[in-house]
Amino acid sequence: MTAATTLASRRAAQRVARVPSARGIARGPGPNGAISTLAEAPGSAALDRLRRLIADKAVDTVLVCMVDMQGRLAGKRMTARHFLETRHEDVHACDYLLGVDIDMQPIEGLAATSWELGFGDFAIRPDFSTMRQLPWLPGTALVLGDTVDKQGELVPHAPRSMLKRQLGRLAEAGYAAMMASELEFYLFDGDWKEARRSHYRGLAPDGFYSEDYQVFQTSAKERLMRSVRNGMEAAGIPIECSKGESGPGQTEINLLYAPALEMADRHVIYKNGVKELAQAEGQSATFMAKWHDQQPGSSCHIHSSIWQAGLAATASSDPGRPHGMSAVFEHWLAGQIALARELTLFLAPCLNSYKRFQAGSFAPTRTVWSLDNRTAAFRVMGGGASQRVECRVPGADVNPYLAYAALIAAGLHGIRHSLPLPPPLEGNAYLAQGGPQIPTTLREATAALDGSAVLREALGDEVVDHYVRAAQWEQAEADRRVTDWEVARYFERV
């Protein structure tokens, strides 16, 4: 059965049976600055709804998930009967889930989890405000959870814990953050098994030329894109639009912005869902930052704005000031610029991430800001309630919880220290003189984070040390590999 057929056959049930997703799903400010919400139930009501769905045989499987260091969903598929019989208590999992690389190999040298410590358990504590049905997985509901230790405390280096801590610090200062992720990905003919069997050679993008904003070429993949848009909407992940991007087979689907934690939750469910829906159509999707050296990279532009606590009104806009930017928003942006190099590891977490940062590629190379200029790292956009900054550094491989946490920590640093905002860049940032360069390698970004006193204070030494060690491991794994490029270059000629 195709993904489109699955959606069509279940659409009537979705209208009645969809489990609400979270925290009122704040849709953010509309054109007039008002906050609109979907009619969503809080956690306890969502749990009551789930009980009814299980009783009606509409749900037989409950996915209880945490988010790992790479931004992937990890957890267990529980029978609905057992989930209710155990009174939906914490779900135990091995603590190595926050101590492995992308190949699930334990990272040596971590303080929090190791062979020496025996790889014991922590637990996933369900957050029922995140509960939702997944229409592309029949009979399945999903709930995200926080990762807690044996004392019931949040595990500090868990991605969701890190974001929650920064949101708490921001709330103490009297503010809240609205965020949005713009994820790009490439779609390929053939599923994951075919790609692996071919050793990822001869991959065939679902397109033949740049399809940026083009309607005709994107119509060829509209069957899948429509399934993604409608499936996400039905799962409580509001979608603005989809469009073609600049590479053959490349596309972008924009998620409607929301409070930061809700947006990060949507991001990881959406990304996982795109892969599942593509697989159902016999295709594969990649969120690699740079899948081919001759093709554009895939970004995840992150939009952020600062709001009064409770999201009652924006704190980003002041029509009486230059560019309509409030003083606090200037400090917010200045902090992100000042710490851009130090937080890059959280925006570009893989070795491959740094292949995006090329002049003339629409990916930034210098930590400068501008007014609606796509050559800069930080692009200020909108006005009034929609005043925001777009950080153009992250690739589609980013873990949103880590990226949001780091950007919020940097913005709060700017606010607390009233950092002045430098003048905006005008013209082509790729040709500009001055302004620090974005780290060009994982090794450089790791060293910048390791030496950051500000981020160590904001995130905690143990958290920074954990991610620094994980990056060092990833770098060491790459350093000992022999690549196809090396063989082709040196085999005959040395």
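**A walk from the second largest pocket outward**

Let's start at an opening: the second largest pocket has 38 lining residues, and Glu182, Glu252, His301, Arg374 and Glu390 are the ones nearest its centre. Several strands contribute, with β9 (175-189), β10 (239-244), β11 (250-255), β14 (300-308), β16 (378-381) and β17 (388-391) each giving two or more residues to the lining. Of these, β9 supplies the largest share, at five residues. The volume comes to about 730 Å³. If you sort the lining of this pocket by class, you get 14 charged residues, twelve polar ones and twelve nonpolar ones. Keep in mind throughout that this is a predicted model.

Now for the enclosed spaces. The structure has two cavities of 30 Å³ or more, and the second largest of them holds about 30 Å³. Which residues line that second largest cavity? They are Val67, Gly145, Asp146, Thr147, Ala158, Pro159 and Arg160. Both β8 (140-148) and α4 give at least two residues to this lining, and β8 has the largest share, with three. By class, the lining of the second largest cavity splits into three nonpolar, two polar and two charged residues.

That brings us to helix α4 itself, which runs over residues 159-172. Its 14 residues, at 1.5 Å a residue, should span 20 Å, and the end C-alpha atoms are indeed 20 Å apart, so the expected and modelled lengths agree. Pro159 and Arg160, which we just met in the cavity lining, are also among the buried residues of α4. The others on that buried list are Ser161, Met162, Leu163, Gln166, Arg169 and Leu170. Just past the helix, Gly174 has a positive phi of about 95°.

Positive phi also turns up in two residues other than glycine. Lys57 has a phi near 65° and sits in the loop between α2 and β3 (61-67). Leu311 has a phi near 60°, and its loop is the one between β14 and α9 (327-338). Are these two buried or exposed? Lys57 has a relative accessible area of 72%, so Lys57 counts as exposed. Leu311, at 14%, is buried.

Next, step back into α2 (residues 43-55), where you'll find Leu50. Its relative accessibility is 0%, so Leu50 counts as buried. What does Leu50 touch, leaving aside residues up to four places away in sequence? Its partners are Val59, Val62, Phe83, Met131 and Ala141. For a sense of scale, the C-alpha atom of Leu50 is 44 Å from that of Asp372, a residue 322 places away along the chain.

Finally, the cysteines. How many disulfides are there? The count is zero. Take Cys94: its nearest cysteine sulfur belongs to Cys65 and is 16 Å away, and Cys94 is in no disulfide. A pair has to come within 2.5 Å to count, so that separation rules it out. Cys94 has a relative accessible area of 25%, which makes it partly exposed. Cys350 tells a similar story, because its sulfur is 13 Å from the closest cysteine sulfur, in Cys300, which is too far for a bond. Cys350 is partly exposed too, with a relative accessibility of 25%.

Terms used: Residues are numbered from 1 along each chain as its sequence is written. This is a predicted model: local features need pLDDT of at least 70, side-chain atom pairs count only at pLDDT 80 or more; totals for chains, interfaces and linings use all residues. Side-chain values use heavy atoms; hydrogens and water are left out. Buried means under 20% relative accessible area, exposed over 50%, partly exposed in between (1.4 Å probe, protein chains only). Helices (H or I, at least four residues) and strands (E, at least two) are DSSP runs, numbered from the N terminus. The expected span of a helix is 1.5 Å times one less than its number of residues. On a 1 Å grid over the protein atoms alone, a cavity is a set of points where a 1.4 Å probe fits but cannot get out, and a pocket is an open set with protein on both sides within 12 Å along at least five of seven lines; lining residues have an atom within 4 Å of a point. Grid points are joined across faces, edges and corners, and a volume is the space filled by probe spheres set on the points. Ala, Val, Leu, Ile, Met, Phe, Trp, Tyr, Cys and Pro count as nonpolar, Asp, Glu, Lys and Arg as charged, and the others, Gly among them, as polar. Contact means heavy atoms within 4.5 Å.
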